[in-house]
Amino acid sequence: MHADGDFYFADLHEYDIAAARWTNLTDLSSGTPPGARTWAAMASVGGKVYVHGGTTCLGDLYEYDPATKTWTDLSAPMSGTPPQSRADQGTVAYDGKIYIYAGFSLTNGGSEF
């Protein structure tokens, strides 16, 4: 339970459309998964899934490889200037890149593009 009394989850589920079946992948995955959060952004590029941010306005970046069921923390080292930590940002994958837009930060009350 979070300090505000809410429950934040850190579980990963897969839905197989053809089989109409849910599978909880949390205990089947290896590596370093992201911690519990809400309002995180997710996008898929090149057969992998990426998770960025979320409450409590995190600036981290994780990659999940469904083929190997492995999490990787990509937060450091990175080149360039990463966006300010945020939650509830708009996210889309296009042409091999991930774009995030807006969101909010509890630390300064603003948003950034």
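# A guided tour, one selection at a time

Start by selecting Arg21 and Asp16, whose side chains meet in a salt bridge with an N to O distance of 3.9 Å. Keep in mind as you look around that this is a predicted model. Colour the pair by accessibility if your viewer allows it: Arg21 is partly exposed at 46% relative accessibility, and Asp16 is also partly exposed, at 30%.

**Next stop: a surface patch**

Stay in this part of the chain and select Ile17, which sits in the loop between β1 (13-16) and β2 (21-24). Is Ile17 buried or exposed? Its relative accessible area is 70%, so Ile17 counts as exposed. Now add Tyr15 and Trp22 to the selection. Together with Ile17 they make a nonpolar patch on the surface, and the three share about 410 Å² of accessible area.

**Then the open sheet**

Switch to a cartoon view and look for an open sheet of five strands. Follow the strands in the order β3-β7-β6-β5-β4, and note that the pairing is mixed. Which strands stand at the edges? They are β3 and β4; each has a single partner strand, so one side of each has no neighbour in the sheet. Zoom in on β3 and its partner β7 (residues 70-73): the two run parallel and are joined by two bridges. To find the spot, select Gly31 and look across to Trp71 in β7, which stands opposite.

While you are in the sheet, pick out Glu63 and Lys48. They form a salt bridge, with the closest N and O atoms 3.9 Å apart. Glu63 belongs to strand β6 and Lys48 to strand β5, so this pair ties together parts that are 15 residues apart in sequence. Glu63 is buried at 14% relative accessibility, while Lys48 is partly exposed at 26%.

**Now Arg37 and its surroundings**

Select Arg37, in the loop between β3 (30-31) and β4 (41-45). Why does Arg37 count as buried? The cut-off for buried is under 20% relative accessible area, and Arg37 has 11%.

Show the side chain and look for Asp60. Arg37 and Asp60 form a salt bridge, and their closest N and O atoms are 2.9 Å apart. This pair links distant parts of the chain, since Asp60 is in the loop between β5 and β6, 23 residues away from Arg37. Like Arg37, Asp60 is buried. Another thing to find here is the backbone oxygen of Gly35, which lies 3.0 Å from a polar atom of the Arg37 side chain.

What else does Arg37 touch? Leaving aside residues up to four places away in sequence, its contacts include Tyr8, Phe9, Val51, Tyr62 and Leu58.

**Step across to Leu58**

Leu58 lies in the loop between β5 (48-52) and β6 (61-65). It is partly exposed, with a relative accessible area of 25%. Besides Arg37, Leu58 touches Gly53, Ser85 and Arg86, again not counting residues up to four places away in sequence. Try a distance tool on the C-alpha atoms of Leu58 and Ala40: they are 18 residues apart along the chain and separated by 8.6 Å.

**Last stop: a hairpin**

Finally, select residues 90-94 (β8) and 97-101 (β9), which pair in the antiparallel sense over five bridges. One pair to look for is Gly90 with its bridge partner Tyr101 in β9. The two strands form a hairpin with two residues between them. Click on Asp95 in the turn, where phi is positive, at about 55°.

Methods: Residues are numbered from 1 along each chain as its sequence is written. This is a predicted model: local features need pLDDT of at least 70, side-chain atom pairs count only at pLDDT 80 or more; totals for chains, interfaces and linings use all residues. Side-chain values use heavy atoms; hydrogens and water are left out. Helices (H or I, at least four residues) and strands (E, at least two) are DSSP runs, numbered from the N terminus. Buried means under 20% relative accessible area, exposed over 50%, partly exposed in between (1.4 Å probe, protein chains only). Contact means heavy atoms within 4.5 Å. A polar contact is a pair of N or O atoms within 3.5 Å; within protein, one must be able to donate a hydrogen and the other to accept it, and residues adjacent in sequence count only if both atoms are side-chain atoms. Two strands pair if DSSP finds at least two bridges between them. Patches are made of residues with over 30% relative accessible area and no salt bridge: like charges are joined within 9 Å, nonpolar side chains (Val, Leu, Ile, Met, Phe, Trp, Tyr) within 5 Å. Accessible areas come from the Shrake-Rupley method with a 1.4 Å probe; for residues, only the protein chains shown count as cover. A salt bridge is a side-chain nitrogen of Lys or Arg within 4 Å of a carboxyl oxygen of Asp or Glu.
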